[in-house]
Amino acid sequence: MSQSEKTVIRSAHEDDVDAITRIANHYVLNSGANLRLQLYEPEEWSKLLAQGSAQYPWLIAQQGPRILGYAYAASWNAREAYAWSTETTIYLAAEAAGQGVGTRLYQTLLDELTYQGFTTAIAKITSPNPGSEALHRKTGFTLIGKLADNGFKNGRWWDVGIWQRTLASATVPPKPVTTPRVLEATAIDLLPTDKSGGFQPDGWHGPLTGATGS
Ligand SMILES: CC(C)(COP(=O)(O)OP(=O)(O)OC[C@H]1O[C@@H](n2cnc3c(N)ncnc32)[C@H](O)[C@@H]1OP(=O)(O)O)[C@@H](O)C(=O)NCCC(=O)NCCS
């Protein structure tokens with residue numbers, strides 16, 4: 001990753017859909033980090049973004065013209081009583097991992113969720129995924145437990161860890177959750193690190209055979 005151009009974080013928009021699709025499909029094809037078996041089509045992300053970003057933050061990390069990664073939140077459970085909980089997700093392009101981008105992007109997502117009034121963020125992490133587990137630990141998540149042999153992909157069973165992060169104390173009654181803010185591109189500082197390229201971004205066990213376009 002070039003150090004000369006600024007890295008920024010901003011809200012996602014429709015023009016990002018192709019890059020999001022490309023990044024996501026890399027992990028569908030090559031990794032257990034995403035237990036999906038079929039490639040995403042851009043139209044699917046367009047719909048998710050349009051619907052999801054009305055209620056939850058959808059964020060992009062970008063350097064110059066290159067989209068480095070995305071993070072977003074979504075419904076944890078559609079029942080109204082769960083309205084203060086949200087499920088969070090983050091994916092970076094493989095070459096952007098291990099350089100602090102994930103920490104900054106995810107922290108911004110958690111800050112925006114806190115601003116909106118969510119009280120709990122929940123992440124499901126396929127195990128093993130040392131990069132994602134380290135990121136979640138670093139950003140204040142706690143491992144609640146693991147679902148054993150929860151998904152079968154790439155010729156093996158995968159456990160799925162349930163991770164929880166408290167965003168705000170749960171008041172009685174809880175305040176209504178507000179709509180997300182639009183974030184203009186804001187430059188972030190990345191701490192120098194010697195980890196770039198030093199480890200795989202996730203517990204890579206690919207390539208996956210049999211994944212096809214949907
Ligand atoms: C998980 C991911 C978002 C982390 O973002 P990142 O930019 O690579 O993470 P950072 O560089 O900010 O590092 C965050 C922490 O994780 C650690 N870390 C990152 N990758 C690691 C790896 N492969 N193994 C062990 N630790 C790792 C870093 O050392 C750092 O901890 P520290 O500051 O205590 O040293 C990114 O690696 C990624 O997109 N991975 C593939 C997709 C994925 O697994 N997404 C999550 C699905 S649940």
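Two strands count as paired when DSSP finds at least two bridges between them. With that in hand, here are close-up views of a predicted model.

**View 1. The protein chain as a whole.** The protein chain holds 4 helices and 10 strands. Follow the sequence from its start and the elements come in the pattern β-α-β-α-β-β-β-α-β-α-β-β-β-β. Of the 214 residues in the protein chain, 32% are buried. Take the contacts between residues at least 6 apart in sequence: 73% of them join residues at least 24 apart.

**View 2. The β3–β4 hairpin.** Strand β3 (residues 58–63) and strand β4 (residues 66–75) run antiparallel to one another, paired over 6 bridges. Where does Q63 find its bridge partner in β4? Look for R66. The two strands make a hairpin with 2 residues between them. In that turn, G64 has a positive phi of about 55 degrees.

**View 3. Strand β3 and its other partner, β1.** Strand β1 (residues 7–11) also pairs with β3 in the antiparallel sense, here over 5 bridges. To find your place in this pair, start from V8, whose bridge partner in β3 is Q62. Because 5 of its 6 residues are buried, β3 is largely enclosed by the rest of the structure.

**View 4. The open sheet.** Stepping back from the hairpin, you can place β3 and β4 among 8 strands that form an open sheet. The order is β7-β8-β6-β5-β4-β3-β1-β9, and the pairing is mixed. Which strands stand at the edges? They are β7 (142–153) and β9 (186–188). Each has a single partner strand, so one side of each is left without a neighbour in the sheet. On average, neighbouring strands of this sheet are turned by 25 degrees against each other, direction ignored. As a reading aid for any such view, side chains in a regular strand alternate between the two faces of the sheet.

**View 5. The largest nonpolar core, seen from L59.** This core has 41 residues, and the members that touch the most others are L59, Y70, A71, L105 and L109. Two or more residues come from each of α1 (17–30), β3, β4, β5, α3 and β6 (120–127). What does L59 touch, leaving aside residues up to four places away in sequence? Its contacts include Y70, A71, L105 and L109. Also among them are I9, S11, A12, Y72, T108 and L183.

**View 6. The shell around the ligand.** How many residues surround the ligand? There are 25, and the closest are A33, G102, T103, G131 and A134. By class, this shell has 13 nonpolar, 9 polar and 3 charged residues. Elements that supply at least two residues each are β5 (85–92), α3 (101–116) and α4 (130–138). The largest share, 6 residues, comes from α4.

**View 7. A134 beside the ligand.** A134, one of the closest residues to the ligand, is found in helix α4. Is A134 buried or partly exposed? A residue needs 20 or more C-beta neighbours within 10 Å to be buried, and 12 or fewer make it exposed. A134 has 14 inside 10 Å, so it counts as partly exposed. T103 is also one of the residues closest to the ligand. Along the chain, A134 and T103 are 31 residues apart, with 9.8 Å between their C-alpha atoms.

Methods:
Residues are numbered from 1 along each chain as its sequence is written. This is a predicted model: local features need pLDDT of at least 70, side-chain atom pairs count only at pLDDT 80 or more; totals for chains, interfaces and linings use all residues. A residue is near a molecule or strand if its C-beta atom, placed from the backbone, lies within 6 Å of it. Ala, Val, Leu, Ile, Met, Phe, Trp, Tyr, Cys and Pro count as nonpolar, Asp, Glu, Lys and Arg as charged, and the others, Gly among them, as polar. Axes are lines fitted to C-alpha atoms, for helices over the stretch in contact, and angles run from 0 to 180 degrees between N-to-C directions. A nonpolar core is a set of buried Ala, Val, Leu, Ile, Met, Phe, Trp, Tyr and Cys residues joined through C-beta atoms within 7 Å. Two residues are in contact if their C-beta atoms, placed from the backbone, lie within 7 Å.
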